[in-house]
Amino acid sequence: MCGIVGYTGSREAVEVLIGGLKKLEYRGYDSAGIALQKNGKLIVSKAAGSVADLEKTLEDRFSNTQAGIGHTRWATHGRPTDQNAHPHSSMSGDIVIVHNGIIENHRSLREWLSGEKGYSFRSETDTEVLAHLVEDNYDGDLLEAVRKAVAFVEGSYALVAASSHEPERLVCVRKDSPLIIGIGDNENFIASDIPALLSHTRKTCILEDGEFASVTAEKVDFYNEEGCPLEKEIFEVNWDITAAEKGGYDHFMLKEIMEQPMAVRETLRQRIDVKKRRVDLTELDSLKNELAGLEKIYIVACGTAYHAGLIGKAVIEKLAGIPVEVDVASEFRYRNPIFAANQLAIVISQSGETADTLAALRLARSKGVKVLAITNVVGSTVSREADQVFFTWAGPEIAVASTKAYLTQLVALYLLAIHMGESRGYIKPGLGSELIEGLQNLPGQLKALLSEDNISKIKTYCDHLVTWKNAFFLGRNLDFPVAMEGALKLKEISYIHAEACAAGELKHGPLALIVEGLPVIVLATQKAVLEKVLSNIQEVNARGGAVFAITGEGFEDIDRQVENVFYLPPVNDIIAPILSVVPTQLIAYYTALAGGSSIDKPRNLAKSVTVE
Ligand code: AGP
């Protein structure tokens, strides 16, 4: 995700800003920029690439300044280029802003500002509207201008603004994106994350949604949405830098698991027409003709993304009635798939750089089949070469074991399936809006699911699991791909061998391995096959297997057969895989933790697999 720093005080501002941006590099970004107050003007420098690349652009005129703002950008709207990097300036250059988040109504604001208001735009970003809005509302008081500007805006933002008319002052505001004020001695700081502040101060104030701060070297004043002054508590940070980078969590993987409610919200943002209760994927308009006449879809991906593809197949076939084949990318190109007109290939890749997935994309395109990419990384090779891209906007994922990226790939596939089902008139009346409501409930349900109580239930089971060298994951129907993903995650980080088995296949062989105490994680969220899964649980129980069941509310019959039951919040069976995978991520994490393995960087594995 993007990073923000701001400084006002008597030190060399450029050094504080560059130092702060470097502390945020671990989060991943693709361009950087700073703006400084100099002799009544704002001077700006921006560069695609790293903070080191930005540093090379900074001539002498960037020194001897005492206030400014800086940003590292993780591209969402618009490619990672110099122009799209932040800070963005207003047309006169008197206002500069940096922004984290997404402005949902940026298209209509851009039209209005460039038409009626006569502002010209220099970037492709959603953010630039904010610079013009602040300028348009500026009447000598930056706080008032920012307050008026954000009233026009829908979406999420952590925003810091500076005006050349008020050289020592920075103004900031947040909604759904973190922003922290660092309190110093005759100097003050702003940052999106604590690591950027730690070498200067441990005294911080955390802005809440809808709160504004006016920051000068001498003082920080806080205000609410109505502009009334607020008293804020100072919070003393006692994390070291490593803990701060992980947001206080022990590992990036756990941090990313906990970020899932927010990640899912970002994937859904702007893709649902709330009034009409319809999925709105205007971003796929260029594929309109292909989508209308589709007779077959290939989904191609690797590892965790392949598991997302398996769920995608089930929901696309169910909701849109289009036959789907799912392939592991490393096999796809060697099996001579039969390409024909009226086909679409969907490639799924978190990193957008996986060599096998890229080869599959190129093969499909070379045969005249259009490719839709589902990826998390703007500017990645997959995103550049695909005919159309569906960005998941999960924010950077640092742990090798994919969690939030996977969940957002699922959300993307559900949105796509509902969209295709609706536009082809295939989906059952009412089901589309029921599922849309279900998707909108997910962020809240995910938050509830990640409660302390639930986690302690999982930890107890993991203390048993870690003493074993093997485990099984069972599921039927939509639960089977979730079982596959759960098994992969456990293998990756705990080094315990785990096998996913379609529960009905147990008696065709794997049952021979079930012995007293063997950990067996059973996914049981699909009503239509619940009785059958209960029989499979009995088969395991009869041989003494230690079952951990993940199930839905209303499936309490399981209680009578299983000691360890994890209940999901009420959810439509079709959407259940988006929730049910989360306890399996936690099982993998806490088992690896109990076993002492290297969680974020498991042995032999890499985050981005760019070789065949
Ligand atoms: C996920 O936990 C794995 N590290 C791995 O299976 C990964 O999903 C796979 O390598 C595909 O990566 P991609 O999504 O970046 O293409």
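**Salt bridges, strands and a cavity in a predicted model**

Tutor: In this predicted model, the side chains of Glu-104 and Arg-269 meet in a salt bridge, with 2.5 Å from N to O.

Student: How many residues apart are Glu-104 and Arg-269, which link distant parts of the chain?

Tutor: Glu-104 sits in the loop between strand 6 (95-100) and helix 3 (106-114). Arg-269 belongs to the loop between helix 8 (260-268) and strand 16 (272-273). The pair therefore links distant parts of the chain, and the separation is 165 residues.

Student: Is Arg-269 buried or exposed?

Tutor: The limit for burial is under 20% relative accessible area. Glu-104, at 24% relative accessibility, counts as partly exposed. The relative accessible area of Arg-269 is 8%, so Arg-269 is buried.

Student: Which residues are joined with Glu-104 into one network by salt bridges that share partners?

Tutor: Side chains of opposite charge can pair when their charged atoms come close. A search of the whole structure finds 31 salt bridges. Where partners are shared, Glu-104 is joined into one network with Asp-176, Glu-266 and Arg-269.

Student: How many residues apart in sequence are the parts tied together by Arg-271 and Glu-283?

Tutor: The side chains of Arg-271 and Glu-283 form a salt bridge of 2.7 Å, N to O. Arg-271 lies in the loop between helix 8 and strand 16, and Glu-283 in the loop between strand 17 (278-279) and helix 9 (288-292), so the pair ties together parts whose separation in sequence is 12 residues.

Student: What is the relative accessible area of Arg-271?

Tutor: In this salt bridge, Glu-283 is partly exposed, with a relative accessible area of 25%. Arg-271, by contrast, is buried, and its relative accessible area is 1%.

Student: Which helix holds Glu-385, the partner of Arg-362?

Tutor: The closest N and O atoms of the salt bridge between Arg-362 and Glu-385 are 2.7 Å apart. Arg-362 is partly exposed at a relative accessible area of 43%, and Glu-385 is partly exposed at 23%. Arg-362 lies in helix 12 (residues 355-366), and 23 residues away Glu-385 lies in helix 13 (residues 381-385).

Student: Why is strand 6 described as largely enclosed by the rest of the structure, and how many of its residues are buried?

Tutor: In a regular strand the side chains alternate between the two faces of the sheet. On one side of strand 6, Ile-95, Ile-97 and His-99 are buried, and on the other side Val-96, Val-98 and Asn-100 are buried. Strand 6 is largely enclosed because the buried count is 6 of the 6 residues.

Student: Which residue in strand 7 stands opposite Val-96?

Tutor: Strand 5 (residues 88-89) and strand 6 run antiparallel and are joined by 2 bridges, with His-88 opposite Ile-97. Their hairpin has 5 residues between the strands, and Gly-93 in the turn has a positive phi of about 85 degrees. Strand 6 also runs antiparallel to strand 7 (residues 157-163), with 6 bridges. There, the residue opposite Val-96 is Ala-162.

Student: Which residue takes a positive phi in the hairpin of strand 13 and strand 14?

Tutor: Strand 12 (residues 212-215) and strand 13 (residues 220-223) pair in the antiparallel sense over 4 bridges, and their hairpin has 4 residues between them. Strand 13 then pairs with strand 14 (residues 229-230), again in the antiparallel sense, over 2 bridges. In this second hairpin 5 residues lie between the strands, and the residue with a positive phi near 90 degrees is Gly-227.

Student: Which strands are the edge strands of the open sheet in the order 24-23-25-26-27?

Tutor: The sheet has 5 strands, and the pairing is parallel. An edge strand pairs on one side only, and this holds for strand 24 (497-502) and strand 27 (564-568).

Student: Which strand supplies the largest share of the lining of the largest cavity?

Tutor: The structure holds 1 cavity of 30 Å³ or more, and about 40 Å³ of space lies in the largest cavity. Its lining divides into 7 nonpolar, 3 polar and no charged residues. Strand 1 (3-8), helix 1 (13-23) and strand 10 (188-191) each supply at least two lining residues. The largest share, 3 residues, comes from strand 10.

Terms used:
Residues are numbered from 1 along each chain as its sequence is written. This is a predicted model: local features need pLDDT of at least 70, side-chain atom pairs count only at pLDDT 80 or more; totals for chains, interfaces and linings use all residues. Side-chain values use heavy atoms; hydrogens and water are left out. On a 1 Å grid over the protein atoms alone, a cavity is a set of points where a 1.4 Å probe fits but cannot get out, and a pocket is an open set with protein on both sides within 12 Å along at least five of seven lines; lining residues have an atom within 4 Å of a point. Grid points are joined across faces, edges and corners, and a volume is the space filled by probe spheres set on the points. Ala, Val, Leu, Ile, Met, Phe, Trp, Tyr, Cys and Pro count as nonpolar, Asp, Glu, Lys and Arg as charged, and the others, Gly among them, as polar. Two strands pair if DSSP finds at least two bridges between them. A salt bridge is a side-chain nitrogen of Lys or Arg within 4 Å of a carboxyl oxygen of Asp or Glu. Buried means under 20% relative accessible area, exposed over 50%, partly exposed in between (1.4 Å probe, protein chains only).
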